[in-house]
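Student: Hey, can we go through this one together? I'd like to start with the loop and then work outwards.

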Amino acid sequence: MDVDIIFKIAAIGILIAVITQVLKKSDRDDIATLVALAGLVIVLTLVINMISELFESIKNIFYLY
């Protein structure tokens, strides 16, 4: 596993946290919630792709078709 993906997830988390805090301070709680959900969806997409690659690797290792 590359360390690069961990840095990407951490960067997305920090960026979303900053944007969410700025929006909450400007009384935009609804948009802050949507931004947080969008960040969650982006990170889940990255993780699901990694899990898919893991299952493909396992399938290839054990010759499962």
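Student: Where does Asp27 lie?
Tutor: Asp27 lies in the loop between H1 and H2. Helices here are DSSP runs of H or I with at least four residues, strands are runs of E with at least two, and both are numbered from the N terminus. This is a predicted model, where local features need pLDDT of at least 70, side-chain atom pairs count only at pLDDT 80 or more, and totals for chains, interfaces and linings use all residues. Residues are numbered from 1 along each chain as its sequence is written, and side-chain values use heavy atoms, with hydrogens and water left out.

Student: Is Asp27 buried or exposed?
Tutor: Asp27 is exposed, because its relative accessible area is 67%. Buried means under 20%, exposed over 50%, and partly exposed in between, using a 1.4 Å probe and protein chains only.

Student: And what is the phi of Asp27?
Tutor: Phi of Asp27 is near 60 degrees, a positive value in a residue other than glycine. Most residues other than glycine have a negative phi. Asp27 comes just after H1. Tyr63, just after H2, also has a positive phi, of about 55 degrees.

Student: OK, helices now. How many residues does H1 have?
Tutor: H1 has 23 residues. From first C-alpha to last, H1 reaches 33 Å, close to the 33 Å expected at 1.5 Å a residue. The expected span is 1.5 Å times one less than the number of residues.

Student: What about H2, how far apart are its end C-alpha atoms?
Tutor: They are 48 Å apart, and this agrees with the expected span because 33 residues at 1.5 Å a residue should give 48 Å.

Student: How do the axes of H1 and H2 cross?
Tutor: They cross at roughly 170 degrees and come within 8 Å. That makes H1 roughly antiparallel to H2. The axes are lines fitted to C-alpha atoms, for helices over the stretch in contact, and angles run from 0 to 180 degrees between N-to-C directions. Under 35 degrees counts as roughly parallel, over 145 as roughly antiparallel, 65 to 115 as roughly perpendicular, and the rest as oblique.

Student: What kinds of residues make up that contact of H1 with H2?
Tutor: They divide into 15 nonpolar, two polar and two charged. Ala, Val, Leu, Ile, Met, Phe, Trp, Tyr, Cys and Pro count as nonpolar, Asp, Glu, Lys and Arg as charged, and the others, Gly among them, as polar.

Student: Which residues of H2 are buried?
Tutor: Ala32, Val35, Gly39 and Val43. What covers them includes H1.

Student: And which are buried in H1?
Tutor: Ile5, Ile12, Ile16, Thr20 and Leu23 are, and their cover includes H2.

Student: Thr20, huh? What is Thr20 in contact with?
Tutor: Leaving aside neighbours within four places in sequence, Thr20 is in contact with Ala32, Val35 and Ala36. Contact means heavy atoms within 4.5 Å. Thr20 counts as buried because its relative accessible area is 10%.

Student: Is Leu15 buried or exposed?
Tutor: Leu15, in helix H1, is exposed, with a relative accessible area of 52%.

Student: Last one: which residues form the largest nonpolar core?
Tutor: Its six residues are Ile12, Ile16, Leu23, Ala32, Val35 and Val43. Helix H1 (3-25) and helix H2 (29-61) each supply at least two of them. A nonpolar core is a set of buried Ala, Val, Leu, Ile, Met, Phe, Trp, Tyr and Cys residues joined through side-chain atoms within 4.5 Å.
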